[in-house]
Each structure stands twice: as structure tokens, then as C-alpha cells.
Amino acid sequence: MALIKLENITLEFPVQASKSDRRQSSSKESHIGGQLSLGPSGQMVVRALDQLSLTLGPGDRLALLGHNGAGKTTLLRVMAKLYPPTHGRVTVQGRVAPLLNLGFGLDMDSTGYDNIFIRGLYLGMSKADLKKKADAIAEFSELGDFLDLPMRTYSSGMRARLAFAISTHVQTDILLLDEVVATGDARFLKKANEQLENFARDSKLLVLASHSNKVLRDLCNKAVILEHGRIKAFGPIDEIIDAYAVSMGVEAKDK
Ligand SMILES: Nc1ncnc2c1ncn2[C@@H]1O[C@H](COP(=O)(O)OP(=O)(O)OP(=O)(O)O)[C@@H](O)[C@H]1O
């Protein structure tokens, strides 16, 4: 079972704005970000998602394209049920593995090895399953004896290695990914990409945000273009990547 159904989703962030003397009112809409407006109580709000509807099922591998601040991360977080929408309904059926914020769910005072269990349980793995997979996860991370030290002593790349190793060894139906593989050194990056491709192939439904056309073409079969929180286009991956490049006034390079 793998289903994500979003019905008329709007998500607004109330924000505190202080306008500097230097920057007075802006009459035209910015090219980046969500929609800024004043709420009923006079407070500034950013509308990150705007009446967005989308249904995904087994076999769908969706790429999220869009300018900076278009709403890609917010949309993934809504799908992961980390953000409740301001309006609309979210239905998710199946086990979800969100690789959105690699540090999320890790305990910095526990050792790397203990964190394999802490994070694994958080992602829905059973203790028995974790015992079987712990060695493979430890080996994949290549952290060796560092796994016996508290995670606060790790560099950010070392933390990312462990978090990535744990998250991609869980069994899942739905995989939500947000440009997470951009951490680690070059050798780990190559290994991580291969692992990610296998993991993505094994999952039934995938949603991925990335600014790399190559990653998107390798892993996805459909795409949406988000613009200021709205779906501007939806269709087959190659068609949408080309349409996006045209809308941005650039060539669709595979980088
Ligand atoms: N916690 C927050 N508080 C206030 N505004 C937020 C918050 N998170 C996101 N936003 C706003 O929501 C809009 C969408 O942001 P989001 O991070 O979803 O964009 P994105 O498409 O992932 O961008 P990028 O490609 O730059 O990572 C932006 O205008 C951003 O300023």
C-alpha cells in the first residue's frame, strides 16, 4: 500500500517582519519565495503552499521542481506529516521514510551505535530487524570506532553519513527526499548515490526535491513545477524538465 492524497492544501507561516528604511514597499511580486501578504489581524504571513491538490500511488516517482522558496521542502514536510496544513486534507497510506533533515531524530549525547537503534525505532523498524541490520548500517557509515563515541563529537559530514546509512536501510513504502545526498566527501557521495538508487527502486512511491536534473531523471518518472506554492505543471519527467528550463530561460542541462 502506498498512497499520498493532497486535497486543496494551503499552508501559511505567520512571520514577524520589520521593514528597513532602506527597503520600502515592493510593488511587484518577487521571483523567489512564497506569497507574502498581511493576515486578517495585520500580521505578515508567507503562503508557502496555495490550494494544492495531488494524488500519487504505487509506481509514482515524482520530482519537485521550482525556484528557491517555491514550496518544495514545505510540500515534502506536509507529506511527512511534520507540518499540518492551514487548510485542506492530507491522506497518507503506507510506511514513510522521510530523508528531509538528516539530523532529525538523532540524540547527540548517545553514541553513534546507540543512535542506530534510536533512529531506527523512530523510523518504524522493529528491534529484531534492527539487530539484524545494525552491522550493515555501521559498515556502510564507515565510522568504525567512532561509533562508540557520542554523536556530539562528530563532524557534520560524519553525522550525515550515519543518518543516511540508517535511513536508507529501513524498509519503506514511501520515500521522501530533499537534496540530502549533498553531504559527505566525494567517495561517500558516490556510494550514497548508488545506495539511494537501490533504495528508491525498492520503495513503492518516491517524492524527491533536487536542483540536479541528472538526479531527477535517474530517479523519477513524473514531475511537477511549483511556483509560489502552486502547481504550475504536472507530467512526464522529461517533458516537465524541458518546460521548466524554458520557463527559467535556461537550457535543460543534465548536471
Ligand atoms: N519555518 C518557516 N517560517 C516562515 N516561513 C517559512 C518557513 N519555512 C519556509 N518558509 C517560507 O515558505 C516558502 C517556501 O519555502 P520552502 O523551503 O518550501 O522552499 P523550497 O522550494 O524548498 O526552496 P529551496 O529550493 O530554496 O530550498 C518560502 O517563501 C519560505 O520563506
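User: What makes strand β4 and strand β8 (residues 205–209) count as paired?

Analyst: In this predicted model, β4 and β8 are joined by four bridges and run parallel; pairing needs at least two bridges, so the two strands qualify as partners. As one point of reference along this pair, Arg61 stands opposite Leu206 in β8.

User: How do you know that β4 pairs with strand β9 (residues 222–227), and in which sense?

Analyst: Five bridges link β4 to β9, in the parallel sense, and since at least two are required, this pairing is met as well. Here Leu62 is the residue that stands opposite Lys222 in β9.

User: Why is strand β4 (residues 61–66) described as mostly covered?

Analyst: Six of its six residues are buried, a label that a residue earns when 20 or more other C-beta atoms lie within 10 Å of its own. Both faces of the strand take part, with Arg61, Ala63 and Leu65 buried on one side and Leu62, Leu64 and Gly66 buried on the other.

User: How many of the residues in the whole protein are buried, as a percentage?

Analyst: Buried residues make up 38% of the 255 residues, in a protein that has seven helices and ten strands. As for the contacts between residues at least 6 apart in sequence, 73% join residues at least 24 apart.

User: Why is the sheet that contains β2 and β5 called open, and which strands stand at its edges?

Analyst: Four strands form this sheet in the order β2-β3-β1-β5, with antiparallel pairing. β2 (35–38) and β5 (87–93) are the edge strands, and each has a single partner, so one side of each lacks a neighbour in the sheet. Neighbouring strands are turned by 30 degrees against each other on average, with direction ignored.

User: What makes β2 a partner of strand β3 (residues 44–56)?

Analyst: β2 and β3 run antiparallel and are joined by four bridges, and because a pair needs at least two, the criterion is satisfied. Gln35 stands opposite Arg47 in β3.

User: Why is His228 called buried, and what makes its backbone worth a look?

Analyst: His228 has 22 C-beta neighbours inside 10 Å, and the class begins at 20, so His228 is buried. This residue is found in the loop between β9 and β10 (230–236). Its phi is positive, at about 45 degrees, although His228 is not a glycine. Most residues other than glycine have a negative phi.

User: Asn8 also has a positive phi; is Asn8 buried or exposed, and how do you know?

Analyst: Asn8 has 12 other C-beta atoms within 10 Å, and a count of 12 or fewer means exposed, so Asn8 falls in that class. Asn8 lies in strand β1, and its phi is about 55 degrees although it is not a glycine.

User: Why is Gly105 placed in the class called partly exposed?

Analyst: Gly105 has 17 other C-beta atoms within 10 Å, a count between the 12 that still means exposed and the 20 that means buried, and therefore Gly105 is partly exposed. Gly105 lies in the loop between β6 (96–99) and α2 (112–122). Not counting residues up to four places away in sequence, Gly105 touches Arg119 and Tyr122; the C-alpha atoms of Gly105 and Tyr122, 17 residues apart along the chain, are separated by 7.1 Å.

User: What makes Gly94 partly exposed, and which residues does Gly94 contact?

Analyst: Gly94 has 16 other C-beta atoms within 10 Å, which again lies between the two limits, so Gly94 is partly exposed. Found in the loop between β5 and β6, Gly94 is in contact with residues including Met1, Ala2, Leu3, Asp173 and Ile174, its neighbours within four places in sequence being left aside.

User: Which element gives the most to the shell around the ligand, and how do you know?

Analyst: α1 gives the most, with three residues. The shell comprises 14 residues, of which Gly33, Ala48, Asn68, Thr73 and Thr74 are the closest, and β1 (3–15), β3 and α1 (72–79) are the elements that give two or more. By class, the shell has five nonpolar, eight polar and one charged residues.

Definitions and conventions:
Residues numbered from 1 in each chain as written. Predicted model: local features only at pLDDT ≥ 70, side-chain atom pairs only at ≥ 80, totals over all residues. Axes fitted to C-alpha atoms, helices over the stretch in contact; angles between N-to-C directions. Contact = placed C-beta atoms within 7 Å. Near = placed C-beta within 6 Å. Nonpolar A, V, L, I, M, F, W, Y, C, P; charged D, E, K, R; others polar.
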